[in-house]
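Q: Could you take one part of this protein and look at it closely with me, going slowly enough for someone in a first year of study?

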Amino acid sequence: MELTVWGIITALIVGLIVGALGRLVVPGRQNMPIWLHMLIGVGAALLGTVIARASGFADTAGIDWRELLLQVLLAAVAVALVAGAGRRRGVTHR
């Protein structure tokens with residue numbers, strides 16, 4: 001796999017979309033800044049790609065829907081965990 005400027009830009013854009021979708025999948029209100037959702041999305045996109053390649057289902061032509069679904073699920077789990085950790089610490093928002 002060759003790392004190019006366009007590859008990095010594409011990964012960031014996909015990560016931003018995955019972070020937004022992860023936020024929408026988690027029910028309730030998340031008291032987190034949007035940049036944190038996007039950072040989680042980029043991490044989930046990268047981790048989802050690594051898992052998909054290791055599992056052997058990332059080599060499809062066109063859009064790989066299974067990989068995208070895995071990325072969104074990872075982002076949703078991460079958003080739920082981070083939002084839940086903020087609530088448990090007693091963070092209050094007015």
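A: What follows looks at Ala-76 and its surroundings, after a short view of the whole chain.

The model is a predicted one, and the confidence of the prediction should be kept in mind throughout: the protein averages a pLDDT of 77, and 84% of the residues score at least 70. Among the elements, helix H2, which covers residues 34–55, has the highest mean pLDDT at 83, while helix H1, which covers residues 5–25, has the lowest at 78. The protein contains 3 helices and 0 strands, and when it is read along the sequence its pattern is α-α-α. Of its 94 residues, 31% count as buried, and the accessible surface comes to about 6600 Å², with 69% of that belonging to carbon and sulfur atoms.

Ala-76 itself is found in helix H3. Its relative accessible area is 9%, and because buried means under 20%, Ala-76 counts as buried. If we leave aside the neighbours within four places in sequence, Ala-76 is in contact with Gly-22, Val-25 and Val-26. Val-26 deserves particular attention here, since Ala-76 and Val-26 are 50 residues apart along the chain, and yet their C-alpha atoms are separated by 5.9 Å. Seen from the other side, and again without counting residues up to four places away in sequence, Val-26 touches Ala-76, Val-79 and Ala-80.

This pair also belongs to a wider group, for the largest nonpolar core is made up of 6 residues, namely Val-26, Met-32, Ile-40, Ala-76, Val-79 and Ala-83. Helix H3, which runs over residues 65–88, gives the most to this core, with 3 residues. Contacts that reach across the sequence can be followed in the protein as a whole too: among contacts between residues at least 6 apart in sequence, 60% join residues at least 24 apart.

A second pair in helix H3 and the loop makes a useful companion to the first. Gly-84 lies in helix H3, and Asn-31 has its place in the loop between H1 and H2. These two residues are 53 residues apart in sequence, and the distance from C-alpha to C-alpha is 9.5 Å. Gly-84 counts as buried at 12% relative accessibility, whereas Asn-31, at 41%, counts as partly exposed.

Helix H2 completes the picture, and Ile-40, a member of the core described above, is one of the buried residues in H2, as are His-37, Met-38, Gly-41 and Val-42, among others. The helix has 22 residues and reaches 31 Å from its first C-alpha to its last, which is close to the 32 Å expected at 1.5 Å a residue. H2 is followed by Gly-56, whose phi is positive, near 85 degrees.

Finally, there is a record to set beside the model. An unreviewed UniProt entry carries the annotation "transmembrane region" for residues 6–26, 38–56 and 68–86. In the model, the span of residues 38–56 is 95% helix and 0% strand, and its end C-alpha atoms lie 27 Å apart. The annotation comes from the record, while the helix content and the distance are computed from the predicted model.

How values were computed: Residues numbered from 1 in each chain as written. Predicted model: local features only at pLDDT ≥ 70, side-chain atom pairs only at ≥ 80, totals over all residues. Heavy atoms only, no water. pLDDT = per-residue confidence, 0-100. Helix = DSSP H or I, 4+ residues; strand = E, 2+ residues; numbered from the N terminus. Core = buried A, V, L, I, M, F, W, Y, C linked by side-chain atoms within 4.5 Å. Buried < 20%, exposed > 50% of the residue type's maximum accessible area, 1.4 Å probe, protein only. Contact = heavy atoms within 4.5 Å. UniProt positions renumbered as here; feature names shortened; annotations may be inferred. Expected span 1.5 Å × (residues − 1). Areas by Shrake-Rupley, 256 points an atom, 1.4 Å probe, with all protein chains shown as cover.
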